Amino acid sequence: MSVLLGFSSRIGAVDYPAAVFKIDNGEGYCWPGDKPTDGTLVVFDLMAARKKCFSGSWEEHNSRHRSGQRHQTLVNTGRRVHVGVDQDIAAHKMQSWSSIRRVTVPLVEPFAWWPINMPTWTAIKSPHRLRRSDFGSTQGVTLHGFICRHGRVHELVSRWRVATRSWTARDWDFDLVVLAEPFPVKAEVI
């Protein structure tokens, strides 16, 4: 059993995905919709302290697997590149929580490269629409996805002192928790 949870912003009667989260038997994935994928994509590999440049159209996703492996993957017509692979605690040993991905919301302008082919987005029946009014006078927020055990959800939400809303999607022993957290005013709103 798996759960897909999508967040979008409606701009000019069109829903633009901010992020798509999936939890599947103790594994967590995120396909962000906050970056253009055409042209040259520069990826900074913090593990190896170097940057990599890719040309063409790429699909990006971040994951935290049941085994504890975490990585960012770029896919281009059958070619798969893993960036910044590292090892975390395996899901069955995880006592606390683990971050999956962080994206900036709400979107305030349409993407120049829309429409985008995102199969995971079309699989979501009722995405959560993020309206600018949901965030009050805040210039924007960081939408941060975590995977954690059911019993730790309230502790996680309490620790992060959620400014607006939090959503959870339940799957087996784990929850996918998505928190909306204000980011500093100096950050750029997309």
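Here are a few exercises on this predicted model, each with a worked solution.

Before you start: residues are numbered from 1 along each chain as its sequence is written, and side-chain values use heavy atoms, with hydrogens and water left out. Because the model is predicted, local features need pLDDT of at least 70 and side-chain atom pairs count only at pLDDT 80 or more, while totals for chains, interfaces and linings use all residues.

**Exercise 1: the open sheet**

Work out the order in which the seven strands form the open sheet, and which strands stand at its edges.

Solution.
- Step 1: know your terms. Strands (E, at least two residues) and helices (H or I, at least four) are DSSP runs, numbered from the N terminus. Two strands pair if DSSP finds at least two bridges between them.
- Step 2: read off the order, which is E8-E7-E6-E3-E2-E1-E10, with mixed pairing.
- Step 3: look at the ends. E8 (79–87) and E10 (128–129) each have a single partner strand, so one side of each has no neighbour in the sheet.
- Step 4: check one pairing. E7 (residues 69–76) runs antiparallel to E8, with seven bridges, and valine 75 sits opposite arginine 80 in E8.

**Exercise 2: two hairpins**

Find the hairpins that E2 makes with E1 and with E3, and say which residues in the turns have a positive phi.

Solution.
- Step 1: take E1 and E2. They are antiparallel and joined by 10 bridges, with serine 9 facing tyrosine 16 in E2.
- Step 2: go to their turn. Two residues lie between the strands, and glycine 12 has a positive phi of about 60°. Alanine 13 is in this loop between E1 (2–11) and E2 (14–24), and its phi is positive too, about 70°, although it is not a glycine.
- Step 3: now E2 and E3. Six bridges pair them in the antiparallel sense, and alanine 19 stands opposite proline 32 in E3.
- Step 4: check that turn. Again two residues separate the strands, and asparagine 25 has a positive phi of about 50°.

**Exercise 3: buried or exposed?**

Sort alanine 13, asparagine 25, cysteine 30 and cysteine 148 by accessibility.

Solution.
- Step 1: set the cut-offs. Buried means under 20% relative accessible area, exposed over 50%, and partly exposed in between (1.4 Å probe, protein chains only).
- Step 2: apply them. Alanine 13, at 63%, is exposed, and asparagine 25, at 40%, is partly exposed. Cysteine 30 is buried at 0%, and cysteine 148 is buried at 0% as well.
- Step 3: try a whole strand. In E2, eight of the 11 residues are buried, so the strand is largely enclosed by the rest of the structure.

**Exercise 4: salt bridges**

Count the salt bridges, then describe the one between aspartate 88 and arginine 70.

Solution.
- Step 1: recall the idea. Side chains of opposite charge can pair when their charged atoms come close.
- Step 2: use the rule, a side-chain nitrogen of Lys or Arg within 4 Å of a carboxyl oxygen of Asp or Glu. That gives five salt bridges.
- Step 3: check the pair. Aspartate 88 and arginine 70 meet at 3.2 Å, N to O. Aspartate 88 is in the loop between E8 and E9 (97–105) and arginine 70 is in E7, so the pair ties together parts 18 residues apart in sequence.
- Step 4: add the surroundings. Aspartate 88 is partly exposed at 27%, and arginine 70 is partly exposed at 22%.
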